[in-house]
Amino acid sequence: MGQTDGPGNVLFVVMDTVRKSHCSVYGYDRPTTPSLETFAEEATVFEEAVAPAPWTLPVHASLFTGLYPTQHGATQENPYLDDATTLAESLSTAGYASSCYSSNAWITPYTNLTDGFDDQDNFFQVMPGEFLSGPLSRAWKAMNDSPALRRVADTLVKLGNTAHEYLESGGGGDSKTPDIVDRTQEFVAEADDAGDPWFSFINLMDAHLPYHPPDEFAAEFAPGVDSTEVCQNSKEYNCGARDIDDDEWADIEGLYDAELAYLDHHLGRLFDWLRETDRWDDTLVVVAADHGELHGEHDLYGHEFCIYDPLVNVPLLVKHPDLPAERDEETQVELQDLYHTVLDHAGAAAAAGGEPFDPARSLIRDGYRDFAADAPDDRAAAQSRFPAHDDGDLDDYAFVDYHRPVVELRQLESKASAAGIEISEDSRFYSRMRAARRPDGKFIRNERIPDEAYRLDSDPDELDDVAGSDEPVLADTEDALATFEGELDGEWAGDAGEDVLDDMGEEAKDRLSDLGYIE
C-alpha cells in the first residue's frame, strides 16, 4: 500500500514516558506489556527508533509536522507550535475524520498541537475537556490572539493544571486512559457510520510521573508500596535536595511497571475491539513512546537535562500489510518519519504549507532511508531534506535536538533554593544539547559541559565517554552532527555566562509565567 492506494484508516498511539527496557515486548523480565506482545505477532518491532527530543511538546510537534525541533520551533524556549501545517490538517484536507484524545497538558489547542483535528479532548480532571473541544477551541484561539484575553486563557490553564497536579500528588487522581479508549471507539464507530476514513491519535499518560497505579496493578508489581511515600518529584532528586536509595528505586520502578501494565491492559482492550468489529485489518496501527524515563541512571530522574538512550531510544511497533511481522534490530528510525508513513498509507499529500511527502522517510517503502535513490519531487520545499541526504551521507543517522530546558530548570531552581543548594550555570541543567546517533555510536554536543561520545554497540548504557578518541565510528558521527547543525542554525554561540531566559521574547516569558513555570 502506498501513495496511490489510500485511503486507509490510522490509529496512532503514543505511550507517554515509556522506556523500552521496561516493556516485556522488548525482553523485560516482568509482564508489563502482554497486549503489546500479542500485537508484536502482527507488527514490526523496531529496536532502533529514536525520538527527536526527550520530552512531549517537541516530539509531538515533530510527529505532526515531520520536522526537527529547531525547524518547527515548539521547544522549551517557545513552547508553542506556530505557523505550521499539521498531519491532521493534511488528512482532513484529504477527507479524513480525525480525533486527538489525551490527558497530557501540552497536547491542547493552547499549544496548537491539536490544529486540524475534527474532535479533540484533553480529559483534564478539573477543566472539562469540552471546554477546549470543537467550536470552543476556536474561541480559545481567539482569546489567545488577543493580548488582553490571553492572560484569562492562561490563568484557566494554570488553574486546571495546578488542580490536576494536586489531585495526582495525593494519589487521588484517576487515569483517563479508560475514557480515552471509550471515546476513541465512539469516534471510530461514528466515522465508519458516516463512511469516512479516520485518523485517531491518542496519548496515554499512565507511565508519566507521578506514579499512582490502580490497586489491582500495584498489588502485582509493587506490593506493599505506598505511592505517597516514595519520591515522586524528580526535581528534588536532580537538584540534590532528596536522596533515593536502592530500595526506594525498586519501589519507584515497581509503581512505574504497574502503571505501564495498566496502560497496556487498556490498549489491548482497544485492539481487541478493533479486531472484534472487523476494523483491524484495514488499519495502520502505530504504537510508539514519545520519550522514555530515567530512574537514577547518570544520577538523573525523569526525562530532562540529558539525551541518553533511555530517553531517546524508544519503543516503536508498526502494523501494516507491507511490513513483516518481525523484530528489526538494524533499521534506525526517526520518529518524525511516522509523519511520512501515515501520509503514504493514506495516499494523501501534505496540505498547503506542510512538509512535503518524502518516500525515503516512509517505513512502508522498500527504499526507506535510501535518501539518494528516493528523493521527493518537491525537494526544494522539504525542510527536513538536506543536501547531504541527497548525497547519501546521512542515511544511517538520527538526530536529537534538545533546547534549553526552561520549564524544568525553573522548577529545579525552586527546589534547590528551598534546600539551600546553589546550582552552577555551567552544568547540564542549563545546557542545550544535540546528538547524532547510529546503532553503533552516538556523539552529543553539549552547550555548557564537555561534549560526549559513546560506542553504543559495546557500551549501551553510555557509561564510558570516549569523546576525543580516534574511533572512526564516533568521528563519522561527530561529522554527521556538524552537518546537521550547519543545515539548521550552526553551533550555539558562546553564552555560558548569560541567563537562560535572556534571549527569550517577552511574550513567551509572560506565557511561561502565567502557566506557573517561571517566577
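Mentor: Two strands count as paired if DSSP finds at least two bridges between them. The model discussed here is predicted.

Trainee: What makes strand 1 and strand 5 a pair?

Mentor: Strand 1 and strand 5 run parallel and are joined by six bridges. The rule asks for at least two, so the two strands pair. In one of these bridges Leu11 has Ser200 of strand 5 as its partner. Strand 3 also pairs with strand 5 in the parallel sense, again over six bridges. There, Cys100 has Phe201 as its bridge partner in strand 5.

Trainee: Which sheet holds strand 1, strand 3 and strand 5, and in what order?

Mentor: They belong to an open sheet of eight strands, ordered 4-3-5-1-6-9-2-10, with mixed pairing.

Trainee: Why are strand 4 and strand 10 said to stand at the edges?

Mentor: Strand 4 (119-121) and strand 10 (327-334) each have a single partner strand, so one side of each lacks a neighbour in the sheet. From one strand to the next, the twist averages 15 degrees. As for the antiparallel part of the mixed pairing, strand 6 (residues 283-288) and strand 9 (residues 313-319) pair in that sense over four bridges. Val286 has Val318 of strand 9 as its bridge partner.

Trainee: Which strands does helix 7 touch, and which does helix 10 touch?

Mentor: Helix 7 (residues 177-193) packs on the sheet and touches strand 1 (9-15), strand 3 (97-102), strand 4 and strand 5 (198-204). Its direction makes about 180 degrees with that of strand 5. Angles are taken between N-to-C directions and run from 0 to 180 degrees, so helix 7 and strand 5 point in opposite directions. Helix 10 (residues 246-276) packs on the sheet against strand 1, strand 5 and strand 6, and its direction makes about 175 degrees with that of strand 1.

Trainee: How do you know that strand 5 is mostly covered?

Mentor: Seven of its seven residues are buried. Buried means under 20% relative accessible area, so each of the seven falls below that cut-off. Trp198, Ser200, Ile202 and Leu204 point one way from the strand, while Phe199, Phe201 and Asn203 point the other way.

Trainee: What is the aromatic cluster that includes Phe199 and Phe201?

Mentor: Phe12, Phe64, Phe117, Phe199 and Phe201 form that cluster. By the ring-centre rule, the aromatic pairs number 20.

Trainee: Why is the pair of Phe64 and Phe117 called edge-to-face?

Mentor: Their ring centres are 5.8 Å apart, within the 6.5 Å limit, so the rings pair. Their planes stand at 65 degrees, and over 60 counts as edge-to-face, so the pair takes that name. Phe64 sits in helix 2 and Phe117 in the loop between strand 3 and strand 4, 53 residues apart, and the pair therefore links distant parts of the chain. Both Phe64 and Phe117 are buried.

Trainee: What makes helix 12 mostly covered?

Mentor: Ten of the ten residues of helix 12 (residues 337-346) are buried. Those residues pack against strand 1, helix 2 (56-65), helix 4 (87-93), strand 6, strand 9 and strand 10. Among them are Asp337, His340, Asp344 and His345. Just after the helix, Gly347 has a positive phi of about 65 degrees.

Trainee: Which strands make up the sheet of four, and which of them stand at the edges?

Mentor: That open sheet has the order 11-12-13-14, with antiparallel pairing. Strand 11 (398-402) and strand 14 (452-454) are the edges, because each has a single partner strand. Neighbouring strands of this sheet are turned by 10 degrees on average, direction ignored.

Trainee: How do you know that strand 13 and strand 14 pair?

Mentor: Three bridges join strand 13 (residues 441-446) to strand 14, and at least two are required, so they pair. In one bridge, Ile444 has Glu452 of strand 14 as its partner. Helix 15 (residues 472-487) lies across strand 11, strand 12 (433-438), strand 13 and strand 14, at about 50 degrees to strand 13.

Trainee: Where does pLDDT stay under 50?

Mentor: Residues 149-173 are one such stretch, with 47 contacts beyond four places in sequence in the model. Residues 511-519 are also below 50, with 30 contacts beyond near neighbours in sequence. Where pLDDT is low, the predicted coordinates should not be read in detail. The protein averages a pLDDT of 86, and 82% of the residues score at least 70.

Definitions and conventions: Residues numbered from 1 in each chain as written. Predicted model: local features only at pLDDT ≥ 70, side-chain atom pairs only at ≥ 80, totals over all residues. Heavy atoms only, no water. Contact = heavy atoms within 4.5 Å. pLDDT = per-residue confidence, 0-100. Buried < 20%, exposed > 50% of the residue type's maximum accessible area, 1.4 Å probe, protein only. Phe/Tyr/Trp six-rings, centres within 6.5 Å; stacked < 30°, edge-to-face > 60°.
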